[in-house]
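Got your viewer open? Load the model and keep the selection box handy; we'll go stop by stop.

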Amino acid sequence: MVSREITKGIFWVGALDFDRRLFDALIPLPDGTSYNAYLVRGSEKTALIDTVDPAKEFELVSNLLKLGVERIDYVVVNHAEQDHSGSLPMILEFYPDAMVVTNEKCKEFLIALLQLPDNRFRIIKDKETLSLGDRTLEFHLTPWTHWPETQVTYLKEDQILFSCDLFGFHIASSDLYVTDDASCYRSAKKYYAEIMMPFRTSIKGHLERVKTLPLKMIAPSHGPIHKHPQFILDAYSDWTSDTVKNEVVIPYVSMHGSTEKMVAHLTNALIARGITVKPFNLIGTDIGELALALVDTATVVIATPTVLFGPHPQVVYATYLANLLKPKARFASVIGSYGWGGKTAETIVKMLDHVKVEVLEPVMVKGQPDEATLKQLDRLADEILKKHREIMIV
Ligand code: FEO
(Lines give C-alpha, C1' and ligand atoms only; values in the text may rest on other atoms or scores of the structure.)
Protein backbone atom coordinates (compact mmCIF):
# COMPACT_ATOMS: atom_id res chain seq x y z
CA MET A 1 0.00 0.00 0.00
CA VAL A 2 1.25 3.47 -0.77
CA SER A 3 1.44 6.28 1.77
CA ARG A 4 -1.23 8.98 1.60
CA GLU A 5 -1.04 12.63 2.65
CA ILE A 6 -3.72 13.61 5.16
CA THR A 7 -2.78 17.26 5.25
CA LYS A 8 0.43 19.04 4.35
CA GLY A 9 3.29 17.25 6.10
CA ILE A 10 1.16 14.54 7.71
CA PHE A 11 1.01 11.12 6.07
CA TRP A 12 -0.62 7.75 6.61
CA VAL A 13 2.29 5.30 6.25
CA GLY A 14 0.73 2.11 7.65
CA ALA A 15 -0.22 -1.26 6.19
CA LEU A 16 -3.45 -2.95 5.14
CA ASP A 17 -3.89 -6.62 6.03
CA PHE A 18 -6.60 -7.94 3.73
CA ASP A 19 -5.92 -11.59 4.60
CA ARG A 20 -5.84 -11.55 8.38
CA ARG A 21 -8.79 -13.51 9.75
CA LEU A 22 -8.09 -13.70 13.48
CA PHE A 23 -6.76 -11.22 16.01
CA ASP A 24 -5.14 -12.28 19.30
CA ALA A 25 -5.88 -15.85 18.12
CA LEU A 26 -9.44 -15.10 19.24
CA ILE A 27 -11.29 -12.27 17.49
CA PRO A 28 -12.69 -13.00 14.01
CA LEU A 29 -11.67 -10.44 11.37
CA PRO A 30 -14.10 -11.00 8.47
CA ASP A 31 -12.91 -7.79 6.77
CA GLY A 32 -9.21 -8.01 7.63
CA THR A 33 -7.65 -5.05 9.41
CA SER A 34 -5.16 -2.23 9.06
CA TYR A 35 -2.22 -1.12 11.17
CA ASN A 36 -2.12 2.64 10.82
CA ALA A 37 1.12 4.52 11.37
CA TYR A 38 1.40 8.25 10.77
CA LEU A 39 4.32 10.46 9.85
CA VAL A 40 4.23 14.03 11.16
CA ARG A 41 6.75 16.48 9.76
CA GLY A 42 7.41 19.59 11.79
CA SER A 43 9.68 22.49 10.80
CA GLU A 44 12.44 21.08 13.04
CA LYS A 45 11.65 17.48 13.92
CA THR A 46 9.92 14.50 12.38
CA ALA A 47 7.81 12.05 14.36
CA LEU A 48 6.41 8.65 13.47
CA ILE A 49 3.25 7.85 15.41
CA ASP A 50 3.08 4.11 16.10
CA THR A 51 4.42 1.40 13.80
CA VAL A 52 2.76 -1.69 12.31
CA ASP A 53 2.45 -5.40 12.92
CA PRO A 54 5.84 -7.09 12.39
CA ALA A 55 4.37 -9.10 9.51
CA LYS A 56 4.10 -5.79 7.63
CA GLU A 57 7.31 -4.06 8.75
CA PHE A 58 8.77 -3.95 5.25
CA GLU A 59 5.67 -2.07 4.00
CA LEU A 60 6.16 0.57 6.67
CA VAL A 61 9.84 1.00 5.86
CA SER A 62 9.07 1.06 2.15
CA ASN A 63 6.43 3.79 2.66
CA LEU A 64 8.95 5.89 4.60
CA LEU A 65 11.71 5.41 2.04
CA LYS A 66 9.39 6.29 -0.85
CA LEU A 67 8.55 9.53 0.97
CA GLY A 68 12.28 10.23 1.24
CA VAL A 69 12.29 10.15 5.03
CA GLU A 70 15.99 10.17 5.90
CA ARG A 71 15.67 10.99 9.56
CA ILE A 72 13.06 10.28 12.23
CA ASP A 73 13.59 12.06 15.55
CA TYR A 74 10.75 10.54 17.55
CA VAL A 75 8.73 7.34 17.34
CA VAL A 76 5.68 7.89 19.49
CA VAL A 77 4.36 4.62 20.89
CA ASN A 78 0.78 4.94 22.07
CA HIS A 79 0.37 1.25 22.90
CA ALA A 80 2.82 -1.61 23.35
CA GLU A 81 0.74 -4.38 21.76
CA GLN A 82 2.72 -5.86 18.92
CA ASP A 83 0.31 -4.96 16.13
CA HIS A 84 1.47 -1.36 16.71
CA SER A 85 4.88 -1.77 18.28
CA GLY A 86 6.16 -4.90 16.58
CA SER A 87 8.10 -3.06 13.87
CA LEU A 88 9.93 -0.83 16.34
CA PRO A 89 13.16 -2.87 16.34
CA MET A 90 13.44 -2.52 12.56
CA ILE A 91 12.55 1.20 12.62
CA LEU A 92 15.10 1.89 15.36
CA GLU A 93 17.73 0.08 13.32
CA PHE A 94 16.86 2.04 10.15
CA TYR A 95 16.72 5.35 11.99
CA PRO A 96 19.52 5.19 14.59
CA ASP A 97 18.82 8.71 15.94
CA ALA A 98 15.15 8.06 16.63
CA MET A 99 14.02 8.08 20.24
CA VAL A 100 10.97 6.14 21.42
CA VAL A 101 8.56 8.59 23.05
CA THR A 102 6.12 6.99 25.43
CA ASN A 103 5.05 6.75 29.07
CA GLU A 104 6.89 4.84 31.78
CA LYS A 105 4.50 1.89 31.88
CA CYS A 106 4.59 1.49 28.12
CA LYS A 107 8.39 1.49 28.24
CA GLU A 108 8.27 -1.44 30.70
CA PHE A 109 6.05 -3.38 28.28
CA LEU A 110 8.22 -2.55 25.27
CA ILE A 111 11.37 -3.72 27.00
CA ALA A 112 9.65 -6.93 28.12
CA LEU A 113 8.08 -7.64 24.72
CA LEU A 114 10.75 -6.40 22.31
CA GLN A 115 13.94 -6.22 24.40
CA LEU A 116 14.52 -2.61 23.35
CA PRO A 117 17.57 -0.88 24.85
CA ASP A 118 16.90 1.51 27.75
CA ASN A 119 18.83 4.39 26.11
CA ARG A 120 16.39 4.70 23.19
CA PHE A 121 13.52 6.01 25.33
CA ARG A 122 12.26 9.49 26.09
CA ILE A 123 9.60 9.23 28.80
CA ILE A 124 6.63 11.57 28.83
CA LYS A 125 4.02 12.29 31.48
CA ASP A 126 0.32 12.97 31.18
CA LYS A 127 -0.43 16.21 29.29
CA GLU A 128 3.26 16.77 28.48
CA THR A 129 4.00 18.37 25.11
CA LEU A 130 6.77 17.81 22.62
CA SER A 131 7.66 20.41 20.00
CA LEU A 132 8.41 19.47 16.39
CA GLY A 133 9.03 23.15 15.57
CA ASP A 134 5.83 24.51 14.08
CA ARG A 135 3.85 21.51 15.33
CA THR A 136 3.25 20.30 18.87
CA LEU A 137 2.39 16.84 20.13
CA GLU A 138 0.47 16.60 23.40
CA PHE A 139 0.24 13.27 25.19
CA HIS A 140 -2.76 12.09 27.19
CA LEU A 141 -2.48 8.92 29.24
CA THR A 142 -5.61 6.83 28.73
CA PRO A 143 -4.99 3.60 30.65
CA TRP A 144 -7.25 0.66 29.80
CA THR A 145 -8.13 1.70 26.30
CA HIS A 146 -7.06 -1.85 25.75
CA TRP A 147 -4.00 -2.28 27.97
CA PRO A 148 -2.96 -0.40 31.14
CA GLU A 149 -0.18 1.54 29.37
CA THR A 150 -2.21 3.03 26.53
CA GLN A 151 -2.08 6.72 25.64
CA VAL A 152 -3.33 8.96 22.86
CA THR A 153 -1.43 11.73 21.09
CA TYR A 154 -2.97 15.06 20.13
CA LEU A 155 -1.47 17.21 17.39
CA LYS A 156 -2.44 20.64 18.61
CA GLU A 157 -2.07 22.90 15.56
CA ASP A 158 -3.84 20.46 13.21
CA GLN A 159 -6.37 19.30 15.83
CA ILE A 160 -5.83 15.63 15.05
CA LEU A 161 -6.10 12.96 17.71
CA PHE A 162 -4.00 9.85 17.14
CA SER A 163 -6.06 7.51 19.27
CA CYS A 164 -4.41 4.12 18.61
CA ASP A 165 -6.90 1.30 19.43
CA LEU A 166 -9.54 3.68 20.79
CA PHE A 167 -12.20 4.64 18.21
CA GLY A 168 -10.73 2.20 15.66
CA PHE A 169 -12.30 -0.74 13.88
CA HIS A 170 -11.07 -3.76 12.02
CA ILE A 171 -11.25 -3.36 8.26
CA ALA A 172 -8.67 -3.41 5.50
CA SER A 173 -10.06 -0.56 3.42
CA SER A 174 -8.34 1.41 0.73
CA ASP A 175 -10.42 4.41 1.85
CA LEU A 176 -8.30 6.75 3.92
CA TYR A 177 -11.40 8.25 5.56
CA VAL A 178 -14.67 6.84 6.83
CA THR A 179 -17.08 7.20 3.91
CA ASP A 180 -20.12 5.25 5.09
CA ASP A 181 -21.27 6.12 8.61
CA ALA A 182 -23.75 3.22 8.84
CA SER A 183 -21.20 0.56 7.98
CA CYS A 184 -18.58 2.26 10.17
CA TYR A 185 -21.06 2.27 13.07
CA ARG A 186 -21.61 -1.49 12.97
CA SER A 187 -17.92 -2.35 12.57
CA ALA A 188 -16.83 0.12 15.24
CA LYS A 189 -19.48 -1.17 17.65
CA LYS A 190 -18.33 -4.75 17.10
CA TYR A 191 -14.74 -3.69 17.70
CA TYR A 192 -15.83 -1.82 20.84
CA ALA A 193 -17.59 -5.00 22.04
CA GLU A 194 -14.57 -7.21 21.41
CA ILE A 195 -11.78 -4.91 22.58
CA MET A 196 -13.08 -2.00 24.66
CA MET A 197 -16.22 -3.19 26.46
CA PRO A 198 -14.37 -4.68 29.47
CA PHE A 199 -12.99 -1.18 30.15
CA ARG A 200 -16.28 0.70 29.80
CA THR A 201 -15.91 2.65 33.04
CA SER A 202 -12.35 3.82 32.30
CA ILE A 203 -13.27 4.78 28.74
CA LYS A 204 -16.20 6.85 29.98
CA GLY A 205 -13.72 8.98 31.94
CA HIS A 206 -11.28 9.30 29.02
CA LEU A 207 -14.13 10.35 26.73
CA GLU A 208 -14.80 13.36 28.89
CA ARG A 209 -11.20 14.49 28.43
CA VAL A 210 -11.18 13.83 24.68
CA LYS A 211 -14.36 15.88 24.32
CA THR A 212 -12.53 18.94 25.68
CA LEU A 213 -10.04 18.85 22.77
CA PRO A 214 -10.90 20.79 19.59
CA LEU A 215 -10.94 18.01 17.00
CA LYS A 216 -10.89 18.06 13.22
CA MET A 217 -10.01 14.39 12.87
CA ILE A 218 -9.55 11.23 14.89
CA ALA A 219 -6.89 9.02 13.35
CA PRO A 220 -7.03 5.57 14.99
CA SER A 221 -4.57 2.75 14.46
CA HIS A 222 -7.13 0.38 12.92
CA GLY A 223 -9.51 1.33 10.11
CA PRO A 224 -10.12 4.59 8.26
CA ILE A 225 -9.77 8.07 9.77
CA HIS A 226 -12.80 9.82 11.27
CA LYS A 227 -13.20 13.19 9.55
CA HIS A 228 -16.37 13.81 11.54
CA PRO A 229 -15.19 12.93 15.04
CA GLN A 230 -18.51 13.74 16.68
CA PHE A 231 -20.05 10.67 15.06
CA ILE A 232 -17.74 8.20 16.78
CA LEU A 233 -17.65 10.24 20.02
CA ASP A 234 -21.46 10.13 20.22
CA ALA A 235 -21.45 6.41 19.50
CA TYR A 236 -18.92 5.77 22.29
CA SER A 237 -20.95 7.93 24.69
CA ASP A 238 -23.95 5.72 23.98
CA TRP A 239 -22.13 2.38 24.21
CA THR A 240 -20.34 3.27 27.45
CA SER A 241 -23.45 4.72 29.08
CA ASP A 242 -25.38 2.75 31.71
CA THR A 243 -28.44 2.58 29.46
CA VAL A 244 -29.52 -0.89 28.33
CA LYS A 245 -32.11 -1.85 25.72
CA ASN A 246 -35.27 -3.93 25.93
CA GLU A 247 -33.41 -6.95 24.54
CA VAL A 248 -32.63 -10.52 25.51
CA VAL A 249 -29.60 -12.34 24.11
CA ILE A 250 -29.81 -16.16 24.20
CA PRO A 251 -26.53 -17.99 23.46
CA TYR A 252 -27.39 -21.70 23.23
CA VAL A 253 -26.34 -25.19 22.25
CA SER A 254 -28.67 -28.15 21.80
CA MET A 255 -27.58 -31.76 21.38
CA HIS A 256 -30.86 -33.64 20.81
CA GLY A 257 -33.36 -30.83 20.43
CA SER A 258 -34.71 -30.36 23.98
CA THR A 259 -32.79 -27.16 24.73
CA GLU A 260 -33.58 -25.87 21.24
CA LYS A 261 -37.32 -26.34 21.89
CA MET A 262 -36.96 -24.39 25.13
CA VAL A 263 -35.10 -21.60 23.34
CA ALA A 264 -37.77 -21.45 20.62
CA HIS A 265 -40.57 -21.29 23.20
CA LEU A 266 -38.86 -18.60 25.28
CA THR A 267 -38.00 -16.61 22.14
CA ASN A 268 -41.66 -16.57 21.07
CA ALA A 269 -42.84 -15.77 24.58
CA LEU A 270 -40.49 -12.79 24.78
CA ILE A 271 -41.43 -11.53 21.30
CA ALA A 272 -45.11 -11.76 22.30
CA ARG A 273 -44.26 -9.49 25.24
CA GLY A 274 -42.66 -6.88 23.00
CA ILE A 275 -39.05 -7.75 23.78
CA THR A 276 -36.33 -7.95 21.11
CA VAL A 277 -34.69 -11.39 21.18
CA LYS A 278 -31.33 -12.40 19.73
CA PRO A 279 -30.73 -16.17 19.88
CA PHE A 280 -27.24 -17.41 18.94
CA ASN A 281 -26.72 -21.10 18.21
CA LEU A 282 -23.12 -21.35 19.41
CA ILE A 283 -22.38 -24.13 16.93
CA GLY A 284 -21.28 -21.86 14.10
CA THR A 285 -21.83 -18.46 15.71
CA ASP A 286 -19.27 -15.76 15.02
CA ILE A 287 -18.18 -14.80 18.53
CA GLY A 288 -17.85 -11.18 17.35
CA GLU A 289 -21.57 -11.10 16.49
CA LEU A 290 -22.42 -12.39 19.96
CA ALA A 291 -20.16 -9.75 21.54
CA LEU A 292 -21.88 -7.08 19.44
CA ALA A 293 -25.29 -8.16 20.72
CA LEU A 294 -24.04 -7.97 24.32
CA VAL A 295 -23.24 -4.23 24.11
CA ASP A 296 -26.82 -3.05 24.74
CA THR A 297 -28.82 -6.00 25.99
CA ALA A 298 -30.61 -5.81 29.33
CA THR A 299 -30.79 -9.59 29.80
CA VAL A 300 -28.80 -12.68 28.89
CA VAL A 301 -30.36 -16.15 29.05
CA ILE A 302 -27.81 -18.91 28.63
CA ALA A 303 -29.28 -22.14 27.27
CA THR A 304 -27.41 -25.42 27.52
CA PRO A 305 -27.82 -29.16 27.66
CA THR A 306 -25.99 -31.00 30.40
CA VAL A 307 -22.91 -32.90 29.25
CA LEU A 308 -22.03 -35.45 31.93
CA PHE A 309 -22.34 -33.20 35.01
CA GLY A 310 -22.19 -29.65 33.67
CA PRO A 311 -22.82 -27.23 30.82
CA HIS A 312 -21.87 -27.98 27.22
CA PRO A 313 -18.20 -26.96 26.62
CA GLN A 314 -19.23 -24.54 23.82
CA VAL A 315 -21.53 -22.82 26.31
CA VAL A 316 -18.74 -22.73 28.88
CA TYR A 317 -16.52 -21.00 26.31
CA ALA A 318 -19.17 -18.41 25.41
CA THR A 319 -20.03 -17.78 29.07
CA TYR A 320 -16.36 -17.38 29.98
CA LEU A 321 -15.93 -14.90 27.14
CA ALA A 322 -19.10 -12.95 28.01
CA ASN A 323 -17.92 -12.73 31.62
CA LEU A 324 -14.54 -11.34 30.47
CA LEU A 325 -16.21 -8.79 28.18
CA LYS A 326 -18.26 -7.47 31.12
CA PRO A 327 -21.38 -6.28 29.28
CA LYS A 328 -23.65 -3.88 31.15
CA ALA A 329 -26.55 -6.39 31.19
CA ARG A 330 -28.67 -6.24 34.35
CA PHE A 331 -30.31 -9.68 34.41
CA ALA A 332 -29.33 -13.25 33.57
CA SER A 333 -30.83 -16.70 33.68
CA VAL A 334 -30.10 -20.25 32.59
CA ILE A 335 -32.36 -22.73 30.82
CA GLY A 336 -31.74 -26.22 29.47
CA SER A 337 -32.20 -29.93 29.85
CA TYR A 338 -30.34 -32.73 31.57
CA GLY A 339 -30.33 -36.51 31.67
CA TRP A 340 -29.25 -37.69 35.06
CA GLY A 341 -28.46 -34.64 37.12
CA GLY A 342 -25.51 -32.32 37.51
CA LYS A 343 -25.13 -28.71 38.58
CA THR A 344 -25.35 -27.05 35.18
CA ALA A 345 -27.25 -23.89 36.15
CA GLU A 346 -25.14 -23.34 39.28
CA THR A 347 -21.93 -23.76 37.28
CA ILE A 348 -23.02 -21.15 34.71
CA VAL A 349 -24.12 -18.65 37.38
CA LYS A 350 -20.78 -19.05 39.22
CA MET A 351 -18.96 -18.25 35.96
CA LEU A 352 -20.64 -14.84 35.74
CA ASP A 353 -18.66 -13.33 38.60
CA HIS A 354 -17.45 -10.25 36.65
CA VAL A 355 -20.91 -9.29 35.47
CA LYS A 356 -23.16 -7.45 37.89
CA VAL A 357 -26.43 -9.20 37.07
CA GLU A 358 -29.47 -10.19 39.04
CA VAL A 359 -30.01 -13.90 38.42
CA LEU A 360 -33.59 -14.85 37.55
CA GLU A 361 -34.81 -18.36 38.48
CA PRO A 362 -33.29 -20.88 36.02
CA VAL A 363 -35.51 -23.37 34.17
CA MET A 364 -33.90 -26.81 33.90
CA VAL A 365 -35.83 -29.92 32.81
CA LYS A 366 -35.07 -33.64 32.82
CA GLY A 367 -35.30 -34.77 29.19
CA GLN A 368 -37.86 -33.18 26.85
CA PRO A 369 -39.63 -29.97 27.89
CA ASP A 370 -43.23 -30.82 28.86
CA GLU A 371 -46.22 -28.53 29.36
CA ALA A 372 -45.07 -27.68 32.89
CA THR A 373 -41.66 -26.64 31.55
CA LEU A 374 -43.20 -24.44 28.88
CA LYS A 375 -45.29 -22.73 31.58
CA GLN A 376 -42.09 -22.16 33.58
CA LEU A 377 -40.56 -20.53 30.49
CA ASP A 378 -43.66 -18.31 30.14
CA ARG A 379 -43.19 -17.29 33.76
CA LEU A 380 -39.52 -16.50 33.05
CA ALA A 381 -40.62 -14.30 30.12
CA ASP A 382 -43.10 -12.56 32.46
CA GLU A 383 -40.36 -12.01 35.01
CA ILE A 384 -37.98 -10.57 32.37
CA LEU A 385 -40.71 -8.17 31.19
CA LYS A 386 -41.35 -7.12 34.80
CA LYS A 387 -37.65 -6.47 35.38
CA HIS A 388 -37.33 -4.49 32.14
CA ARG A 389 -40.32 -2.39 33.21
CA GLU A 390 -38.74 -1.76 36.61
CA ILE A 391 -35.69 -0.21 34.94
CA MET A 392 -38.00 1.70 32.59
CA ILE A 393 -36.80 0.39 29.23
CA VAL A 394 -40.28 -0.86 28.23
FE1 FEO B 1 -4.45 -2.84 18.08
FE2 FEO B 1 -4.37 -3.45 21.45
O3 FEO B 1 -3.78 -3.51 19.68
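The tour starts with the whole chain, then visits two helix pairs, a strand residue and some cysteines.

**Stop 1: the whole chain.** Before selecting anything, bear in mind that this is a predicted model. Show the C-alpha trace and orient it along the principal axes: the C-alpha atoms fill a box of roughly 80 × 40 × 35 Å. Switch to cartoon and you can go through 12 helices and 24 strands. Colour by accessibility next, and buried residues account for 58% of the 394 in the chain. If you draw contacts between residues at least 6 apart in sequence, 73% of them link residues at least 24 apart.

**Stop 2: helix H9.** Select residues 287–294, which is H9. How many of the 8 residues of H9 are buried? The count is 7, so call this helix mostly covered. Pick them out by name: Ile287, Gly288, Leu290, Ala291, Leu292, Ala293 and Leu294. Now show what lies over them. The cover includes strands E5 (27–28), E17 (245–252), E18 (276–281) and E19 (297–303), along with helices H5 (181–196) and H10.

**Stop 3: H9 against H10.** Keep H9 on screen and add H10, residues 313–325. The two axes are 11 Å apart, at an angle of about 45°, which makes the pair oblique. Turn the view to look through one helix at the other, and you have a right-handed crossing. For the side chains, show Ile287, Leu290, Ala291 and Leu294 on H9, then Tyr317, Ala318, Leu321, Ala322 and Leu325 on H10. Colour that contact by residue class and you get 9 nonpolar residues, with no polar and no charged ones.

**Stop 4: H8 against H12.** Hide that pair and select 258–272 for H8 and 371–390 for H12. Here the axes come within 9 Å and cross at roughly 40°, so this pair is oblique too. The crossing of H8 with H12 is right-handed. On the H8 side, show Met262, His265, Leu266, Ala269 and Leu270; they meet Thr373, Leu374, Leu377, Asp378, Leu380, Ala381 and Ile384 of H12. Which classes turn up in this contact? Colouring gives 9 nonpolar, 2 polar and 1 charged residues.

**Stop 5: Val277.** Head over to strand E18 and click on valine 277. This valine is buried, with a relative accessible area of 14%. Leave out its neighbours within four places in sequence, and its contacts are Val248, Ile250, Thr267, Leu270 and Ile271. While you're here, run a C-alpha to C-alpha distance from valine 277 to threonine 297: the two are 20 residues apart in sequence and 9.3 Å apart in space.

**Stop 6: the cysteines.** Last one: show the cysteine sulfurs. How many disulfides are there? The count is 0. Take cysteine 164, which is in no disulfide; its nearest cysteine sulfur belongs to cysteine 106, 8.8 Å away. A pair would have to come within 2.5 Å to qualify. Cysteine 164 is also buried, at 2% relative accessible area. Why is cysteine 184 without a bond? The closest cysteine sulfur to its own is in cysteine 164, 17 Å off, and that is too far. Colour by accessibility once more and cysteine 184 shows up as buried, with a relative accessible area of 1%.

How values were computed: Residues numbered from 1 in each chain as written. Predicted model: local features only at pLDDT ≥ 70, side-chain atom pairs only at ≥ 80, totals over all residues. Heavy atoms only, no water. Buried < 20%, exposed > 50% of the residue type's maximum accessible area, 1.4 Å probe, protein only. Axes fitted to C-alpha atoms, helices over the stretch in contact; angles between N-to-C directions. Helix = DSSP H or I, 4+ residues; strand = E, 2+ residues; numbered from the N terminus. Parallel < 35°, antiparallel > 145°, perpendicular 65-115°, else oblique. Left-handed = near helix turned anticlockwise from the far one by under 90°. Contact = heavy atoms within 4.5 Å. Nonpolar A, V, L, I, M, F, W, Y, C, P; charged D, E, K, R; others polar.
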